[in-house]
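Colleague: I would like to learn how to read a model like this one step by step, from the whole chain down to a single residue. Could you take me through it?

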Amino acid sequence: MTQPNPACTRFLPLGKASAIGAAIQQAESILCVSHVSPDGDAIGSLLGMGWILRSLGKNPTLALADKPSEDFAYIPGFHTIVGVTQVQETYDLIISMDAGSADRMGDVFRTEYHANIPLINIDHHITNTEFGTINWVEPRCAAVCQMLIYLAEALGVPATGNLAVALLTGLVTDTLGFRTSSTDACVLQAAVQLTEGGASIQEVVSNALQRRTFASLRLWGAILNSAELMDGVIWATFSLTQRNQMGATDRDTEGLANFLLSAREADISATFTERINSAGQTVVECSFRANPGFDVSTVAVSLGGGGHAPAAGCTLFSPLDTVVETAVAALRRLHREHMSSFAQSSQANHG
Ligand SMILES: [Mn+2]
């Protein structure tokens, strides 16, 4: 079996591993959570943590504020995930995965009940606000699922079987099938380890990344038809009206921002999706993507969101038109500033 390379396991400092291990050992009742609008890394790391804790003799509660897509039902344990109503007021320990800030956990974390409970915050977003009692934030990891391979190793839990399938899911989805700039030797080594542990790349790619409904293909056609391009920024909007007309779900627009960036003329992409949040409010979910050299997390943070340099986002409460106008202006400014600093530096190089 492939053992994790020391160059990769250094992402989990010894002190961090023993602090997390001790907190888990001392806890009787454990609540594990991840972020709202859960993606493959959120669901994979949540279920993966569930399998790690069960191996250690614990019986954790796994909760998500939003119902996860059935596309991920192939991951063992998927149907053990509960919603907000089944979360209790007291636990010995809370473990949050893939959430960049406390509000990203949604209503599975209620400040009035949970604020004084020890919280382990495991995340890879560079914008993480370190909201835990123990914070393990590693932006050099492509997915939280990658981080959990190192944690499992440190806790003596083999990354095989159910755990391997769960962790491979986040590794595949956050790297878009090993195609992002974050896909380095450690990511590929992690994939080798999970494959040896019995997980199938083909199965995970097919279920989590590739297969979509006919309705969602038609929806993409309609949205792409109205996409706009200006100053190296490509964007598309998707209103509630369109959504109701086409009978689309939240998951149907996933991946669209990545696809828009395949336009040769664009360096930055954005999608603006209107949806109703768990509190019944109309919100606009903004997803930003960028080619290497552009940092869209700065724009996301300025609008109250977060993320990584190549992929970031935010949720806004203003009307769709206003959100698009504000965000596109900021993204075009980011593109212009980059191009002018690039022109200056290449002038200096030639001068
Ligand atoms: Mn992630």
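Modeller: We will go from the overall dimensions to the domains, then to the two sheets, and finally to one loop residue.

Modeller: Please keep in mind throughout that this is a predicted model.

Colleague: What radius of gyration would a compact globule with 351 residues have, and what does the protein chain have?

Modeller: A compact globule with 351 residues would have a radius of gyration near 20 Å, and because the protein chain has 20 Å, the two agree. Along the principal axes, the C-alpha atoms fill a box of roughly 55 × 55 × 40 Å. Buried residues make up 44% of the 351 residues, and of the contacts with a separation of 6 or more, 70% are between residues 24 or more positions apart. In secondary structure, the protein chain has 13 helices and 11 strands.

Colleague: Which domains does the domain assignment give for the protein chain?

Modeller: The assignment gives domain 1 as residues 6-209 and domain 2 as residues 214-350, with 26 Å separating their centres, taken over C-alpha atoms. Where they touch, 15 residues of domain 1 are in contact with 11 residues of domain 2, and the residues on the domain 1 side divide into three nonpolar, nine polar and three charged.

Colleague: Turning to the sheets, what order do the strands of the five-stranded open sheet have?

Modeller: The order of that sheet is E2-E1-E3-E4-E5, and the pairing is parallel. Strand E2 (61-63) and strand E5 (134-137) each have a single partner strand, so one side of each is left without a neighbour in the sheet. On average, and with direction ignored, neighbouring strands of this sheet are turned by 15 degrees against each other.

Colleague: How many bridges pair strand E1 with strand E3, and what lies across this sheet?

Modeller: Strand E1 (residues 30-33) and strand E3 (residues 93-97) pair in the parallel sense over four bridges, and Leu93 in E3 is the bridge partner of Ile30. Helix H2 (residues 14-26) lies across E3, strand E4 (119-123) and E5, and H2 runs at about 130 degrees to E5.

Colleague: What order and what pairing does the open sheet of six strands have?

Modeller: In that sheet the order is E6-E7-E8-E9-E11-E10, with mixed pairing, and the edge strands, strand E6 (228-230) and strand E10 (306-307), each pair on one side only. The parallel sense appears between strand E7 (residues 233-238) and strand E8 (residues 268-276), which pair over six bridges, with Thr271 in E8 as the bridge partner of Ala236.

Colleague: Where, then, does the antiparallel sense appear?

Modeller: Nine bridges join E8 to strand E9 (residues 282-290), and these two run antiparallel, with Glu274 standing opposite Val284 in E9. E8 and E9 form a hairpin with five residues between them, and in its turn Gly280 has a positive phi of about 85 degrees. E9 also pairs in the antiparallel sense with strand E11 (residues 311-316), over six bridges, where Glu285 has Thr315 in E11 as its bridge partner.

Colleague: To end with a single residue, does Gly247 count as buried or exposed?

Modeller: The count of C-beta neighbours decides this: a residue is exposed if 12 or fewer other C-beta atoms lie within 10 Å of its own. Gly247 has 11 C-beta neighbours inside 10 Å and therefore counts as exposed. The place of Gly247 is in the loop between helix H10 (240-246) and helix H11 (256-260), and the C-alpha atoms of Gly247 and Ala215, 32 residues apart along the chain, are separated by 7.6 Å.

Conventions. Residues are numbered from 1 along each chain as its sequence is written. This is a predicted model: local features need pLDDT of at least 70, side-chain atom pairs count only at pLDDT 80 or more; totals for chains, interfaces and linings use all residues. Two strands pair if DSSP finds at least two bridges between them. Axes are lines fitted to C-alpha atoms, for helices over the stretch in contact, and angles run from 0 to 180 degrees between N-to-C directions. Two residues are in contact if their C-beta atoms, placed from the backbone, lie within 7 Å. Domain bounds come from an automatic or database domain assignment. Ala, Val, Leu, Ile, Met, Phe, Trp, Tyr, Cys and Pro count as nonpolar, Asp, Glu, Lys and Arg as charged, and the others, Gly among them, as polar. The radius of gyration is taken over C-alpha atoms; the globule rule is 2.2 Å times the number of residues to the power 0.38. A residue is buried if 20 or more other C-beta atoms lie within 10 Å of its own, exposed if 12 or fewer, and partly exposed in between; C-beta atoms are placed from the backbone.
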